[in-house]
Amino acid sequence: MKLCGISTSLFYLFILLKPLYIFPSGSVGIADICLMLSFLTALLGKKQSGQGIRLFREDVPFYLFLGFVVLINGCWYVHYGNREFLLYTMYWMYSAAAIWTFRVLYSHVFMRGVVLACSVNILVQAAVLFSGQGRYFHESWGGSRFMGTFNDPNQFAFFLFTMFLVLFMAYCQRNRNGSGDTRQQILLQGLFFLVSALVLFLIGCSKSTGVFLGLLVFFFVLLWQWLWDRMRHSGRRLSWQLGVIGLAVAGGILLWQLWPSADFDISKTDYSLISRVQQKIWKLSNGNLADLLYDRSAERLVLEPHYLLFGAGEGYFERFIPWGFEARLSPGVFHVFHVNEIHSSFFDVWFSYGLIPMALLTYWIMKHAVRCSRRQRAAVIALLAESFTLMNLRQPFFWFILVLAGIGAGSALNRNLSKKETEYKTVLTGS
């Protein structure tokens, strides 16, 4: 097997093994080793093809951001001598390698294998649930959340969420290209909706409110796009406008029904996804901004805002013990003392690396987000919205979805990439 085939096979193996958490979260897993071997194999293939090892022009802002990560974490490592700064730098280098590998291997044939591997992952997690062999996260008062083969229910939910978004983006691209006969299209459409329903059910079992928010944003954007298109091309705009108002009223009634009572106690409920949403609403409605910040480990944004300018580095979070901040919290709303990274991807990056690196990363993300189709943009917006509630930037599929958005079927970038990579793979495989 030629190098391109080996690298592709290792990448597929990475996808299939990624859900299998044998070691504690944050450790190097077998799947991560497979991805790095795929990267090294692709790197060697580039060298043997005679093209040399080249960086992608569209990723220059990300590479500049990575340079700031190395510099800022390096300075803080010298200052404190804490190895966590080096560890988090390696996480970012891992993400950069994942992005580069995905770009090199990308093709329509490669994406078929990715879609198949993502579908298998979903089916495996469903089988784990129905077999009764999955792991559960147990609350101190008796409630439980399903987390499949993962170590954390939020990790489990986010992984399934990204599987769903990859399938959706591939499904949109296939429909836009119009490939395959009508019967094949109907079959693939049926399979897509079946797998999607399974994902929604599994995410419900995880009771992840962050991923639930991402799904709400996803379906809301799709619904808005559909309504806007119908309203714009309809001769009865007033009827459509009344329909939109009716949906807004229905949403308000639903929120009113979900609104928890003043004495809400989640331990006295059936502990479903809905009750966890009610718990979040109760905490916010009975608390204040300080409560919200503390819930996300983001009180340091208020206590030490100067780091938003030049960056505090990523690691050694014990520096930010919020002495005295507990006095600002509402009684009975939050009572667990914790010190962790900020539970928000973009605020964590901004606080850790400062204004200029954050601007570079934001530019890279937005440049990719605007290149995809309108329907695919729903997936990108949902991914970004969900990532404001959790730190997801160390998950490779976060970056893969953005790269997929940036490639965009039919775009000039896609045509140029396909031409370059077809030439590269022809040299490697001899086909």
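This passage describes the nonpolar core, the aromatic pairs, one helix contact and a surface patch of a predicted model.

The largest nonpolar core holds 105 residues. Within this core, W92 and W399 touch the most other members. Helix α6, spanning residues 153–177, supplies the largest share, with 15 residues. The contacts of W92 can be listed once residues up to four places away in sequence are set aside. They include F62, F65, L66 and V69. Also among them are E314, V349, Y353, L361 and L393. W399 is one of the residues touched by W92. In soluble globular proteins, nonpolar side chains tend to be buried together.

Aromatic rings form 50 pairs in the model. One of these pairs is F14 with F400, in an edge-to-face arrangement. Their ring centres lie 6.4 Å apart, and the planes meet at 90°. This pair links distant parts of the chain. F14 belongs to helix α1 (residues 3–17), whereas F400 belongs to helix α17 (residues 396–407). The two residues are 386 residues apart. F14 has a relative accessible area of 0% and is therefore buried. F400 is likewise buried, because its relative accessible area is 1%, and the cut-off for burial is under 20%.

F400 also pairs with F397. Here the ring centres are 5.2 Å apart and the planes stand at 75°, so this pair is edge-to-face; the class requires an angle over 60 degrees. F397 and F400 both lie in helix α17, 3 residues apart, and so are separated by about one helical turn. F397 is buried, as is F400.

A further buried position is L215, in helix α8 (residues 209–232). Its relative accessible area is 9%, so L215 counts as buried. Leaving out residues up to four places away in sequence, L215 touches F161, F164, L200 and I203. L215 and E386 are 171 residues apart along the chain. Their C-alpha atoms are nevertheless separated by 8.3 Å.

The surface carries a nonpolar patch of about 500 Å². L238, L242, I245, V249 and I253 make this patch. V249 lies in helix α9, which covers residues 237–258. Is V249 buried, partly exposed or exposed? With a relative accessibility of 47%, V249 is classed as partly exposed, because that class falls between the 20% limit for buried and the 50% limit for exposed. Membership of a patch requires over 30% relative accessible area.

Methods
Residues are numbered from 1 along each chain as its sequence is written. This is a predicted model: local features need pLDDT of at least 70, side-chain atom pairs count only at pLDDT 80 or more; totals for chains, interfaces and linings use all residues. Side-chain values use heavy atoms; hydrogens and water are left out. Patches are made of residues with over 30% relative accessible area and no salt bridge: like charges are joined within 9 Å, nonpolar side chains (Val, Leu, Ile, Met, Phe, Trp, Tyr) within 5 Å. Accessible areas come from the Shrake-Rupley method with a 1.4 Å probe; for residues, only the protein chains shown count as cover. A salt bridge is a side-chain nitrogen of Lys or Arg within 4 Å of a carboxyl oxygen of Asp or Glu. Helices (H or I, at least four residues) and strands (E, at least two) are DSSP runs, numbered from the N terminus. Buried means under 20% relative accessible area, exposed over 50%, partly exposed in between (1.4 Å probe, protein chains only). A nonpolar core is a set of buried Ala, Val, Leu, Ile, Met, Phe, Trp, Tyr and Cys residues joined through side-chain atoms within 4.5 Å. Contact means heavy atoms within 4.5 Å. Rings of Phe, Tyr and Trp (its six-membered ring) pair if their centres lie within 6.5 Å; planes under 30 degrees apart count as stacked, over 60 as edge-to-face and the rest as tilted.
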